[in-house]
Amino acid sequence: LGGPRLRVSATDMILVGLWSIYGVQLGFPALTPMLWKSNEALMKGQYYRLLTCCGLHGSPMHLIFNSMAIYNLGPTVEKWFGKTRYLSIVAATGVGGSLLSWRCSPFPSIGASGAAFGLMGAYSMFLVENRDVLGRASTGAGLQSIAKTVALNLALGLSTPNIDQAGHIGGFVSGIAAGSLFGPRLRVMRRPYDRVLVDRARLPELGRVLRSQAAQEGTGFLNALAIIDRREAPGI
């Protein structure tokens, strides 16, 4: 009872969820067309497919590639954004990718790649917004790495059949929007005896939400980050 608590990251939960869903797909193949992105079904009001299609995959390699993308970047985004914002971005950018796919592609679509691109978009905006605090050299290197990854994946998509490029682009663009709208905006607040990093929320009520989030999570970056809103730090 008094031992250390096992903490499960949001990235771990996502990956376990994706592999579990794929196992269900193998056992019940008829489930996949019931949940994939279908333009005809969406026109009939089945909007849940915009999200459910993101959890489905067409093959083990499809799932492995998307799992690796989330595994590589997810923990970093989760550390800076916190679990709540991180999960919100994964869901929102997955839907964002599905929306553009609905607009641009008539074919059924499945996969978490839109959310993976969304994480790259959100993290890119985080680096841009916080380059003065984190250092322009390190953020520049991070942005260059993301740009190369995005360009490589889009190029592979052009040469590979059955790749939903619209879903990738929609995920990336919605990730940029999400990162700009409610991603961390770090500032250094000077106090009499030390300095602390402060996350100045862009949305009016987000500061109070983040304080509650930090108290509940108590892990990683948020454990050391003073989360306050504008009214509490007018001098920053």
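1. Let's start in helix α7, where Tyr 123 and Phe 126 sit three residues apart, about one turn of the helix. Bear in mind that this is a predicted model. Both residues are buried: Tyr 123 has a relative accessible area of 14%, and Phe 126 comes in at 2%.

2. A search of the whole structure turns up four aromatic pairs. Take Phe 81 with Phe 126: the ring centres are 5.8 Å apart and the planes meet at 55°, so this pair is tilted. It ties together distant parts of the chain, since Phe 81 belongs to helix α5 (residues 60-81) and Phe 126 to helix α7 (residues 113-129), with their positions 45 residues apart. Phe 81, like Phe 126, is buried.

3. How are the rings of Tyr 123 and Phe 126 arranged, then? Their centres are also 5.8 Å apart, but the planes are at 20°; stacked means under 30 degrees, so the Tyr 123 and Phe 126 pair counts as stacked.

4. Put the ring pairs together and you get a cluster made of Trp 80, Phe 81, Tyr 123 and Phe 126. Phe 126 is the residue to click on if you want to see the tilted pair with Phe 81 and the stacked pair with Tyr 123.

5. Now for the strands. β1 (residues 186-190) and β2 (residues 195-199) run antiparallel and are joined by five bridges. The link from β1 to β2 is a hairpin of four residues. Which residue in β2 is the bridge partner of Arg 190? That would be Arg 195, so to speak an arginine facing an arginine across the bridge.

Notes:
Residues are numbered from 1 along each chain as its sequence is written. This is a predicted model: local features need pLDDT of at least 70, side-chain atom pairs count only at pLDDT 80 or more; totals for chains, interfaces and linings use all residues. Side-chain values use heavy atoms; hydrogens and water are left out. Two strands pair if DSSP finds at least two bridges between them. Helices (H or I, at least four residues) and strands (E, at least two) are DSSP runs, numbered from the N terminus. Rings of Phe, Tyr and Trp (its six-membered ring) pair if their centres lie within 6.5 Å; planes under 30 degrees apart count as stacked, over 60 as edge-to-face and the rest as tilted. Buried means under 20% relative accessible area, exposed over 50%, partly exposed in between (1.4 Å probe, protein chains only).
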